[in-house]
Amino acid sequence: MKRFLLNLLILLSLISGVGADYMEQICLYQREGSYITSVYSGDLDGDGVNEIFAGTDNGVVMNFLYRGCRLQWEPEWQYIQKGEDRGDIVDMKIGDFENDGKNDLFVAANTHEEYLFLISDAGVFKWTDERAGGLALSMDIADIDDDGLYEIIIGNEGNSVVAIDGENKIKWKITLDNPVYSVEVLDVNNDGFLEIITLTNKYLESANVYVLDSVGNIVWNYSIDEGIYLASENTISAGDLNNDNTLEIVVATYKKGVIVLDHNGNMMWDYPTEKLVNSVHVSDLNGDDKPEIIFSSNPYLYFLDSSGNLKSKININSSARIIQVTDIENDGFREVVLGTNNMIQVIGWKGVMKGVWSIERDVGILSMYLLDLDNDGRKEIIAGYGWDDARLDQRYTSGELIVLKVTGAPEVTTTSTRVTTTVLETTTTTVAEITPTTTKPEDVGGISILLIIMIIVTILVILVVIIAGFYFMKKKKGKETEKEKPEEKKKVPKKRKTRDKKKKSK
């Protein structure tokens with residue numbers, strides 16, 4: 001029995017964390033009292049080294065240096081929003097806003113006052129003009145009018161899209177039907193002028209895709225009945241699917257699966273699913289000039305070709321909140337990086353699971369950014385997340401910022417599990433990697449190795465409960481038997497005494 005329990009504990013320890021051979025956690029910042037709501041990386045100070053930025057749900061922006069990275073990491077500096085009206089940092093971007101040769105950090109926040117501000121060597125600039133609406137939900141920056149200066153495009157909770165110019169003034173503002181959860185500046189129709197792809201949503205009721213021109217006029221819009229489950233920049237993506245030099249727009253919906261719109265706003269095709277679609281991404285994974293559409297619908301990750309045909313799907317045992325694609329290993333092929341409720345997963349372009357990192361808890365919020373931080377040709381994975389703990393009828397919030405370094409172990413077609421100990425600056429953390437078997441296109445709907453392990457562990461736990469219950473009942477029955485024996489011995493003398501009395505009476 002003891003040996004069985006020991007083996008079970010070993011198995012559980014093997015699957016509790018993964019990624020040492022493919023992904024190694026090298027940075028960790030832990031925060032109590034607030035989530036990490038947004039992460040970003042870029043060279044703000046112009047020294048040729050990318051810094052890491054993290055924003056919180058209570059209005060704090062922090063700067064971290066990768067070269068000082070450790071498992072007890074602390075920010076170099078932080079900026080805290082002024083006043084009591086502090087809210088989620090929703091997005092950050094770097095660019096030369098003032099055209100002075102120096103970069104600035106653009107920050108968008110879901111607040112009424114400091115909903116947009118800049119952090120730079122010259123100080124912090126903010127906008128409090130109520131005409132812009134505040135309460136930012138999305139942001140992009142681009143020179144939309146070709147004047148050599150960046151404009152900042154904001155989508156906000158007040159149903160508006162606002163363009164702000166380099167002098168901190170509103171260039172134009174348009175009010176749409178619902179809150180604006182995504183804005184992205186692209187040349188949709190390949191006419192040499194930039195458009196703004198905009199996504200609005202009313203939870204589970206209706207959604208709209210708008211394309212706006214550079215001065216804020218609606219070029220076209222497309223309505224989606226029953227809307228999107230949790231609209232964000234992760235539920236809409238664009239790419240040239242049919243090689244006509246224009247962009248198609250792909251949307252993850254609540255009841256209609258994935259829908260694809262052409263550059264004029266006409267629906268080209270859709271791909272129905274049994275459950276809602278959480279996230280979608282368009283990317284050419286293998287460099288053949290034929291983009292794939294990758295999307296998540298619990299518990300699967302789907303790979304479609306550019307015409308909407310299913311290439312493969314794999315069981316990820318969750319729903320991916322974030323799908324990002326990049327060539328992590330610098331080998332000419334792109335990997336798919338997923339952020340789920342409690343894991344970060346990396347999948348190769350053939351649908352092979354390469355590495356899984358367990359967050360070890362179900363998180364309520366998740367953000368992710370991929371960038372080569374140390375100029376070694378491989379991308380690092382920057383992730384921020386947060387979760388709630390209920391203690392003594394109170395709610396406590398916490399968050400973490402981590403960096404995972406990808407070593408790029410080769411793909412394998414056999415299952416292996418092992419534990420590796422990584423030592424960084426006297427801090428030891430034990431992690432393990434689970435490498436599933438290859439999922440071929442014809443193996444659609446197969447059971448993943450993670451699911452198999454979960455089933456095995458469940459069976460083992462059930463067996464432990466049954467054996468422990470059997471052992472307990474057997475022990476209890478033995479005690480009851482022992483209690484009955486003394487009572488029987490007491491009854492015998494009483495009977496003998498009664499017979500003796502009868503003899504005397506005779």
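Which residue in β8 is the bridge partner of F106? It's L118, and the views below start right there. This is a predicted model, so local features need a pLDDT of at least 70 and side-chain atom pairs count only at pLDDT 80 or more, while totals for chains, interfaces and linings use all residues. Residues are numbered from 1 along each chain as its sequence is written, and side-chain values use heavy atoms, with hydrogens and water left out.

**View 1. Strands β7 and β8 sit in an open four-stranded sheet.** Strands here are DSSP runs (E, at least two residues), numbered from the N terminus, and helices are runs of H or I with at least four residues. Strands count as paired if DSSP finds at least two bridges between them. β7 (residues 104–109) and β8 (residues 116–120) run antiparallel, joined by four bridges. The sheet order is β6-β7-β8-β9, with antiparallel pairing. At the edges you'll find β6 (89–95) and β9 (123–126), each pairing on one side only. Neighbouring strands are turned by 20° against each other on average, direction ignored; the axes are lines fitted to C-alpha atoms (for helices, over the stretch in contact), and angles run from 0 to 180 degrees between N-to-C directions.

**View 2. β24 pairs with β23 and with β25.** On one side, β23 (residues 292–297) pairs with β24 in the antiparallel sense over five bridges. S297 stands opposite Y300, and a hairpin of two residues links β23 to β24. On the other pairing, β24 and β25 (residues 310–315) are also antiparallel, again over five bridges, with L301 partnered by I314. The β24–β25 hairpin has five residues between its strands, and G308 in that turn has a positive phi of about 95°.

**View 3. β24 is mostly covered.** Five of the five residues in this strand (300–304) are buried, meaning under 20% relative accessible area (exposed is over 50%, partly exposed in between; 1.4 Å probe, protein chains only). In a regular strand the side chains alternate between the two faces of the sheet. Here, Y300, Y302 and L304 point one way, and L301 and F303 the other.

**View 4. W269 is tucked into strand β21 (residues 267–271).** W269 counts as buried because its relative accessible area is 16%. Leaving out residues up to four places away in sequence, W269 touches L241, V258, I259, V260, I293, L304, S306, S307 and G308, where contact means heavy atoms within 4.5 Å. One of those, V258, is eleven residues away along the chain, and its C-alpha atom is 8.6 Å from that of W269.

**View 5. The largest nonpolar core has 22 residues.** Such a core is a set of buried Ala, Val, Leu, Ile, Met, Phe, Trp, Tyr and Cys residues joined through side-chain atoms within 4.5 Å. M23, V337, I344, I381 and I402 have the most contacts inside it. At least two core residues come from each of β1 (23–32), β28 (343–347), β30 (365–371), β31 (380–391) and β32 (394–406), and β31 gives the most, with four. Beyond its neighbours within four places in sequence, I402 contacts Q25, C27, L28, I344, W357, I381, I382, A383 and Y385.

**View 6. Some stretches have a pLDDT below 50.** pLDDT is the predictor's confidence in each residue, from 0 to 100. The chain averages 81, and 77% of the residues score at least 70. Residues 410–451 are below 50, yet this stretch has 96 contacts in the model beyond near neighbours in sequence. Residues 483–506 are also below 50, with zero such contacts.
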